[in-house]
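Let's take a walk through this protein, from its packed inside to its empty spaces. Have the sequence and the 3D view open as you read.

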Amino acid sequence: MTMTIPYGRQDITQADIDAVVRVLKSDFLTQGPVVEEFERAVADYAHASFAVAMNSATSALHVACLALGLGEGDWLWTTPITFVASANCGLYCGARVDFVDIDPATTNICVAALEAKLKTASLNGLLPKVIVVVHLSGMPSAMKEIHQLAQQYGVRLIEDASHAIGGRYLDHPIGNCAFSDITVFSFHPVKIITSGEGGMALTNNASLAKSMMQLRSHGISREPDDMTHVPDGPWYYQQLQLGYNYRLTDIQAALGLSQLDRIDLYVAARHRIAAEYNKQLADLPLILPTHNPDGYSGLHLYVVRLDPAQTRRSRLDVFNELRENGIGVNLHYIPVHLQPYYRSMGFANGDFPNAENYYEQAITIPMFPGLTAENIEYVVTSMRQALN
């Protein structure tokens, strides 16, 4: 009998259900105390000073860019191998977007390419205001080296850690913002933990946190110290920025808070699954994910690449055969610069060859804590058949 195995799946327990029901029976479904509790818990977990919950990581990226002052005439750089939100957040602010090619070994942004591009941009007066560094699949980028370059050239850094909560870098939690201005997490159902939909921006900068809190809620403040004059009364508020309705509900926060209790167990389970994949796939014509000695991955994704030197099978054929066998393989990601919207800006094939080569080879196979030994064996057996 053919199995059906998705590439990712949430894990919902009775404790999660009970937490959500408690909020449903409470006085506040939104703008209540559970959001602040979730924020504090995530900030404490990541060793950050402040956390600002929002309705998605995309919203958090947008607000992070706004808080850093990104706007018309500015540049935002990111990697081509990411979800489009990592680039779109710059366009939302009226900025222009460019990319830095990936390191073929790590599949994260290439430090050498970044250094060369920053040097050229500095000479031409076209330095970016913000760089969004993505921790693809959960593996941290080389943040120490990137931070040094950012300091040298006066660039602000956002870590798009949508894949990476629960991971570590230089033995510290990802999200501590030691090497960035702001870090963004995602709580989409296929991520490490979920709040249904949701995201969070973390920072150690009080003024950035305050700005992001306003921006997520229409740019409004009820704090008398923020206002331009003495409040008219206890009902009074002022809109101080052009903000958005990006708030997370208490219902979602309750789910995320409950899930946070199990985050280390989830990440450990992902590592056990990855170790089994590494062992069972080692003899196949695949390029397996690499390990960064400076990092401990959240392992949101397990991406294999077909080794063109060892197989004549096309990625499309292998992908289709796995899907036909009930394995919900996926592809992370189509290079952003090859999307029609970005092609209309002048980007073209050949602009970022490492990213394009990666795209031609990559397949994301199932990775989530609920995978059983039987599931793993079936995925491996199906992959072996598809490659042969």
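What you're looking at is a predicted model. A good place to begin is the largest nonpolar core, which has 47 residues. Within that core, Phe185 and Leu202 are the residues that touch the most other members. The element that gives the most to this core is helix H2, residues 33-46, with six residues. There's also another core lying apart from that one, made of 45 residues, including Met54, Cys65, Met212 and Ala355. As a general point, nonpolar side chains in soluble globular proteins tend to be buried together.

Let's zoom in on Leu202. If you skip its neighbours within four places in sequence, Leu202 is in contact with a whole list of residues, among them Val42, Ala43 and Ala46. The list also includes Phe50, Cys177, Ile182 and Phe185.

Now hop over to Val336, which sits in the loop between strand E16 and helix H11 (340-343). Is Val336 buried or exposed? Val336 is buried, with a relative accessible area of 0%. Setting aside neighbours within four places in sequence, its contacts are Pro80, Thr82, Phe83, Val84, Ala87, Phe99 and Tyr342. Try finding Ile81 too: Val336 and Ile81 are 255 residues apart along the chain, yet their C-alpha atoms are separated by 6.6 Å.

Next up is helix H10, which runs over residues 315-324. Which of its residues are buried? They are Arg315, Val318, Phe319 and Leu322. Looking down the axis of H10, you'd see these buried residues fall within an arc of 100°, so they line one face of the helix. The general reason is that an α-helix has 3.6 residues a turn, so residues three or four places apart point the same way. On the face of H10 turned away from the buried side, you'll find the exposed residues Leu316 and Glu324.

What covers the buried residues of H10? The cover includes three strands, E15 (302-306), E16 (327-328) and E17 (362-365), along with helices H12 (353-361) and H13 (373-387). After H10 comes Gly326, which has a positive phi, near 85°.

So much for the packing; now for the gaps. The largest pocket has a volume of about 730 Å³. It is lined by 21 residues, and the ones closest to its centre are Gln31, Met213, Arg216, Ser217 and Ile220. Helix H2 turns up again here, as one of the elements that give two or more residues to this lining, together with strand E2 (50-54), helix H7 (206-215) and strand E11 (220-221). H7 gives the most, with five residues. By class, the lining of the largest pocket divides into eight nonpolar, five polar and eight charged residues.

The second largest pocket has a volume of about 530 Å³. Its lining is made up of 31 residues, with Thr106, Met139, Pro289, Thr290 and His291 nearest the centre. Helix H9 (263-280) supplies the largest share of that lining, four residues. Here the classes come out as 18 nonpolar, eleven polar and two charged.

Finally, the structure holds one cavity of 30 Å³ or more. The largest cavity has a volume of about 60 Å³. Among the residues that line it are Arg9, Asp11, Ile193, Tyr266 and Pro369. This lining has five nonpolar, three polar and four charged residues.

Technical notes: Residues numbered from 1 in each chain as written. Predicted model: local features only at pLDDT ≥ 70, side-chain atom pairs only at ≥ 80, totals over all residues. Heavy atoms only, no water. Buried < 20%, exposed > 50% of the residue type's maximum accessible area, 1.4 Å probe, protein only. Arc of directions from axis to C-beta. Contact = heavy atoms within 4.5 Å. Core = buried A, V, L, I, M, F, W, Y, C linked by side-chain atoms within 4.5 Å. 1 Å grid on protein atoms, 1.4 Å probe; cavity = no way out; pocket = protein on both sides within 12 Å on 5 of 7 lines; lining within 4 Å. Points joined across faces, edges and corners; volume = space filled by probe spheres on them. Nonpolar A, V, L, I, M, F, W, Y, C, P; charged D, E, K, R; others polar.
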